[in-house]
Amino acid sequence: AQKLVESGGGSVQAGGSLRLSCATPGYTYRACMGWFRQAPGKEREGVAAIYPRGGSRSYYDDSVKGRFTIALDKVKNTITLQMSDLKPEDTAMYYCAADTSFSDGGEWCLSELQYDDWGQGTQVTVSS
């Protein structure tokens, strides 16, 4: 069975950087692939997503635009999330997700409703 495995989480001070990776063995990248996060007491929210077909489009939540970058490496079968200028409010469990359908890409790639495969998550903690 296909399985998403996140890594790269940790603890950093505000202003620091982290790079999350999601191993995606066996996936064919035919629709949205995304990163989500969930802080304690809050709902899960879309952070960044990438739609690999038709030129590879990326989508970002306003809260991370200019600070986070999502990338897909089809050779290494990984999706990365480079996070810079981290803030305490970025503290959350971060999840990788895959849409295994043949859906089109768009802003809905930031909605968890679009996804059917999820990783177990990796914790990111940012201290002030």
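## Briefing: an all-strand protein and its two cores

Buried residues make up 44% of the 128 residues in this protein. Keep in mind that you're looking at a predicted model. The secondary structure comes to 11 strands and zero helices, so reading along the sequence you just get β-β-β-β-β-β-β-β-β-β-β. Two separate nonpolar cores sit inside, one of 27 residues and a second of 10.

**Overall build**

- The radius of gyration is 14 Å, close to the 14 Å that the globule rule gives for 128 residues, so the protein is as compact as a globular protein of that length.
- Taken along the principal axes, the C-alpha atoms fill a box of roughly 40 × 25 × 25 Å.
- Take the contacts between residues at least 6 apart in sequence: 61% of them join residues at least 24 apart.

**Surface and charge**

- About 6,400 Å² of the protein is exposed, and carbon and sulfur atoms supply 48% of that area.
- There are 13 positive and 15 negative charges, and the mean positions of the two sets lie 5 Å apart.

**The largest core**

- The largest nonpolar core counts 27 residues, and the ones with the most contacts inside it are Trp35, Phe68, Ile70, Leu81, Met83 and Tyr94.
- Seven strands each put in at least two residues: S3 (18-23), S4 (33-38), S5 (45-51), S7 (68-73), S8 (78-83), S9 (92-98) and S11 (122-127).
- Strand S9 gives the most to this core, with four residues.
- For a look at how one of these residues is packed, try Leu81: leaving out residues up to four places away in sequence, Leu81 touches Leu18, Arg19, Leu20, Trp35, Val47, Ala48, Phe68, Thr69, Ile70 and Tyr94.
- Among those partners of Leu81 are Trp35, Phe68, Ile70 and Tyr94, which also belong to the group with the most contacts inside the core.

**The second core**

- The second core is separate from the one above and has 10 residues, including Cys32, Ala49, Cys109 and Tyr115.
- Ala97 is worth a click here: this residue of strand S9 is in contact with Cys32 and Tyr115, along with Leu4, Met33, Gly34, Phe36, Asp117 and Trp118, neighbours within four places in sequence left aside.
- Ala97 counts as buried because its relative accessibility is 0%, under the 20% cut-off.
- Ala97 and Lys65 are 32 residues apart in sequence, and their C-alpha atoms are 19 Å apart in space.

**Buried residues in loops**

- Asp90 is found in the loop between S8 and S9, yet this charged residue is buried, with a relative accessible area of 1%.
- Setting aside neighbours within four places in sequence, the contacts of Asp90 are Arg37, Arg67, Phe68, Asp85, Val124 and Val126.
- That list for Asp90 takes in two arginines, Arg37 and Arg67, and also another aspartate, Asp85.
- Tyr27 is in the loop between S3 and S4, and with a relative accessible area of 8% Tyr27 is buried as well.
- From Tyr27 to Ser127 you go 100 residues in sequence and 35 Å in space, C-alpha to C-alpha.

**An exposed loop residue**

- Glu107 lies in the loop between S9 and strand S10 (117-118).
- At 55% relative accessibility, Glu107 counts as exposed, because the cut-off for that label is over 50%.
- Glu107 and Gly16 are 91 residues apart in sequence and 28 Å apart in space, C-alpha to C-alpha.

**Positive phi outside glycine**

- Ser56 isn't a glycine, but has a positive phi of about 60°.
- You'll find Ser56 in the loop between S5 and strand S6 (57-60), where Ser56 is partly exposed at 36% relative accessibility.
- Asn77 isn't a glycine either, and its phi is positive at about 55°.
- Asn77 is in the loop between S7 and S8, and with a relative accessible area of 28% Asn77 is partly exposed.

Methods
Residues numbered from 1 in each chain as written. Predicted model: local features only at pLDDT ≥ 70, side-chain atom pairs only at ≥ 80, totals over all residues. Heavy atoms only, no water. Core = buried A, V, L, I, M, F, W, Y, C linked by side-chain atoms within 4.5 Å. Buried < 20%, exposed > 50% of the residue type's maximum accessible area, 1.4 Å probe, protein only. Contact = heavy atoms within 4.5 Å. Rg over C-alpha atoms; globule rule 2.2 N^0.38 Å. Areas by Shrake-Rupley, 256 points an atom, 1.4 Å probe, with all protein chains shown as cover. Charge placed at Lys NZ, Arg CZ, Asp CG, Glu CD.
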